[in-house]
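Got your viewer open? Let's take a walk through this protein, one selection at a time.

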Amino acid sequence: MAIAKAERLMNLALCLLGTRRPLSKRELRESIEAYLEAGSDDSFNRMFERDKDDLRELGLVIATVENIEGEVGYLARRDSNRLPPITLDAEEAAALGLAAKVWQQARLAGAASGALQKLRAAGLPEDVDPYGAHGALEPRIPVHEAAFEPLMLACRDRRPVVFEYRKASAARPEPRHVEPWALECWRGHWYLAGFDRDRGAERVFRLSRITGKVRSRGTGFTVPVPDVVTVRETVAGWAGEIADRSALIRLRSGAGYPLRAKATEVRELGNGWDELEIPYGHGLDAWLVEFGPDVVVLEPAELRADVVDRLRAVAKG
């Protein structure tokens, strides 16, 4: 079975690379013996879509083109699938090795190892060991969210997605239709930046608040992807990191260490409570709600009201 699939993938790749014009599904089915043997149109369509995704996963850039009659065709342009000469010195190879080791404990471990093998084939010197240099360093990026992998693939393939998302102030998740742009880890949490179609604007989503499966929707983006996607700056603004005011809160002793790390002043009140002065910016109310009964907002009044409103919304369910 593995040999048959490898042969089928090779034949499909050769067809896509060898054509000068886009080939339709019908033409590809007539050109590849394994597709001719498919029992039905549904069976062929499922097989073709899996094979196309597998080739893209292997790095083949497959273009989708629609002709004037509305028929979709496929081809792999040679200029898009040709690597330029690769020359890496020992330090550059070591940097790549460290980058690959980041993913050794995640589901991207296979992709990272495969990328290094491709670099070997493209000219990475055999006497350079990307894993050997700086062997004492063990960089790790934890990936626990099930939504990470489908969103990463959707960002890569430019595919819109839909998922259920629960805001910090909401008791129930809501559907979001998003054009995913980029993923980034910030302060130990993964975030997705993209265009929210329902709200018609850029939004950032915390992956730990995505519930259920991430499903693909549609075939293309409706807005261009920005040249620079500032995930960290956007998240920092929503999390109150960008602030020009201060808030006064009461915090239970031994709790809320992230808040303590941000505090500009801490005073012990006794009876198990401390008083903290922390930077106040947009989104601080949503962050404070996460600490539940361990936090009491003293001032300003508008921040206290926002936190109370969010807690009431959660309590109502």
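Before we start clicking, one term: two residues are in contact when they have heavy atoms within 4.5 Å of each other. Also keep in mind that this is a predicted model.

**The whole view.** Show everything as a cartoon and you'll have 11 helices and 12 strands on screen. Of the 317 residues in the protein, 37% are buried. Switch on the surface, and you're looking at about 18700 Å² of exposed area, with carbon and sulfur atoms supplying 52% of it.

**Stop 1: Val65.** Select residues 63–66, which form strand β2, and pick out Val65 there. Is Val65 buried or partly exposed? Its relative accessible area is 28%, so Val65 counts as partly exposed. Now light up what Val65 touches beyond residues up to four places away in sequence: Pro22, Glu71, Val72, Gly73, Leu75 and Arg77. Add Arg21 as well: 44 residues separate Arg21 from Val65 in sequence, yet their C-alpha atoms are 9.4 Å apart in space.

**Stop 2: the rings.** The structure holds 9 aromatic pairs. For one of them, select Phe48 and Tyr74: the ring centres sit 5.3 Å apart and the planes meet at 65°, so this pair is edge-to-face. Phe48 belongs to helix α4 and Tyr74 to strand β3 (residues 72–75), so the pair ties together parts that are 26 residues apart in sequence. Phe48 is buried, at 1% relative accessible area, and Tyr74 counts as buried too, at 8%. Add Tyr35 and Phe44, and you have a cluster of Tyr35, Phe44, Phe48 and Tyr74 linked by ring pairs.

**Stop 3: helix α7.** Select residues 148–157 and colour Phe148, Leu151, Leu153, Ala154 and Cys155, which are buried. What do the buried residues of α7 pack against? Show helix α4 (41–57) along with strands β4 (161–165), β5 (174–186), β6 (189–196) and β8 (210–216), and you'll have their packing partners. Just after α7, click on Arg158, where phi is positive, at about 55°.

**Stop 4: Arg260.** Finish in helix α9 (residues 257–262), where Arg260 lies. Follow the side chain of Arg260: one of its polar atoms is 2.9 Å from the backbone oxygen of Ala255. Leaving aside neighbours within four places in sequence, the contacts of Arg260 include Leu251, Val266, Asp274 and Leu276.

Conventions: Residues numbered from 1 in each chain as written. Predicted model: local features only at pLDDT ≥ 70, side-chain atom pairs only at ≥ 80, totals over all residues. Heavy atoms only, no water. Buried < 20%, exposed > 50% of the residue type's maximum accessible area, 1.4 Å probe, protein only. Helix = DSSP H or I, 4+ residues; strand = E, 2+ residues; numbered from the N terminus. Polar contact = N/O pair within 3.5 Å; in protein donor to acceptor, adjacent residues only side chain to side chain. Areas by Shrake-Rupley, 256 points an atom, 1.4 Å probe, with all protein chains shown as cover. Phe/Tyr/Trp six-rings, centres within 6.5 Å; stacked < 30°, edge-to-face > 60°.
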